[in-house]
Amino acid sequence: LPQPLTAVTVDPAETRIFAGSSGGNIYQINLHERTGNSDPTTLPTFQKHNRYVTSLAVAHDVSALYSASIDGTIVVWDVPSRQCLKEFKQRGAPVDFTRLSRRHSLCTRPRRESPSDAKTADDRRPHFASRR
């Protein structure tokens with residue numbers, strides 16, 4: 001790939017890998033697609049972040065991809081079109097953790113040097129943002 005990888009996730013069916021890079025791009029690698037072209041510039045690419053991707057999560061139905069970046073943004077992507085559906089800006093800190101709850105809510109935690117850097121119990125709790 002053209003840039004070093006900083007985050008990787010696999011869809012639930014294990015047919016696609018989504019790889020976030022140091023430049024902010026996210027590459028989609030289709031595992032069961034046979035091609036003779038190994039040129040990484042032809043890979044489907046999600047482009048919105050301007051700094052490295054810290055975390056990726058895929059919806060169970062693979063309709064949406066969630067990404068977090070050191071630039072403090074969280075992006076909800078439409079996987080088939082690779083379009084940004086929604087963008088959230090984390091206040092005060094870059095984001096380095098993204099996952100989906102059982103209710104398909106996005107769970108994030110601000111980036112910290114270590115868990116002990118949290119000043120209060122609220123600082124240690126994940127922050128939730130509705131998918132819709």
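Student: Where is histidine 49 found?

Tutor: In this predicted model, histidine 49 is in the loop that runs between strand S4 (45-47) and strand S5 (53-58).

Student: Is histidine 49 buried or exposed?

Tutor: Histidine 49 is buried, because its relative accessible area is 5% and buried means under 20%.

Student: Which side chains does the side chain of histidine 49 join by polar contacts?

Tutor: There are two to point out here. One polar contact, of 2.7 Å, links the side chain of histidine 49 with that of serine 67. Another, of 2.8 Å, links the side chain of histidine 49 with that of threonine 73.

Student: And what else is histidine 49 in contact with, leaving aside its neighbours within four places in sequence?

Tutor: With those neighbours left aside, the residues in contact with histidine 49 include Gly23, Gly24, Ile26, Asp71 and Val75.

Student: Val75 sounds worth a look. What is valine 75 in contact with, again leaving aside neighbours within four places?

Tutor: Its contacts include His49, Lys48, Leu65, Tyr66 and Glu87. Valine 75 also belongs to the largest nonpolar core.

Student: How many residues does that largest nonpolar core have?

Tutor: The core has 12 residues, among them Phe18, Ile26, Phe46, Trp77 and Val79. Strand S5 and strand S7 (73-78) each contribute at least two residues to this core. The largest share, three residues, comes from S5.

Student: Which residues does the second, separate core include?

Tutor: That second core has five residues, including Ala59, Ala64, Tyr66 and Val76.

Student: New topic: how many salt bridges does the structure hold?

Tutor: It holds two salt bridges. In general, side chains of opposite charge can pair when their charged atoms come close.

Student: Which residue forms a salt bridge with arginine 16?

Tutor: Aspartate 11 does, and the closest N and O atoms of the two are 3.4 Å apart. Aspartate 11 is buried, with a relative accessible area of 2%, whereas arginine 16 counts as partly exposed at 21%.

Student: Then which residue meets glutamate 87 in a salt bridge?

Tutor: Lysine 48 is the partner of glutamate 87, with an N to O distance of 3.4 Å. Glutamate 87 lies in strand S8 and lysine 48 in the loop between S4 and S5, so this pair ties together parts that are 39 residues apart in sequence. Glutamate 87 is partly exposed at 40% relative accessibility, and lysine 48 is partly exposed at 41%.

Student: Staying with strand S8, where is lysine 89 placed, and what does it touch beyond four places in sequence?

Tutor: Lysine 89 is in strand S8, residues 83-89. Beyond four places in sequence, lysine 89 touches Asp71, Gly72 and Thr73. A polar atom of the lysine 89 side chain lies 2.7 Å from the backbone oxygen of aspartate 71. Their C-alpha atoms are separated by 8.7 Å, and the two residues are 18 residues apart along the chain.

Student: Is lysine 89 buried or exposed?

Tutor: Lysine 89 is exposed, with a relative accessible area of 58%.

Student: Which residues form a nonpolar patch on the surface?

Tutor: Leu1, Leu5 and Val8 form such a patch, with about 260 Å² of accessible area together. Leucine 1 is in the segment before strand S1 (5-10) and is partly exposed at 44%.

Student: Last one: how many helices and strands are there in the chain?

Tutor: The chain has one helix and 11 strands. Of its 132 residues, 38% are buried.

Terms used
Residues numbered from 1 in each chain as written. Predicted model: local features only at pLDDT ≥ 70, side-chain atom pairs only at ≥ 80, totals over all residues. Heavy atoms only, no water. Buried < 20%, exposed > 50% of the residue type's maximum accessible area, 1.4 Å probe, protein only. Polar contact = N/O pair within 3.5 Å; in protein donor to acceptor, adjacent residues only side chain to side chain. Contact = heavy atoms within 4.5 Å. Core = buried A, V, L, I, M, F, W, Y, C linked by side-chain atoms within 4.5 Å. Patch = residues over 30% accessible without salt bridge, like charges linked within 9 Å, V, L, I, M, F, W, Y side chains within 5 Å. Areas by Shrake-Rupley, 256 points an atom, 1.4 Å probe, with all protein chains shown as cover. Salt bridge = Lys/Arg side-chain N within 4 Å of Asp/Glu carboxyl O.
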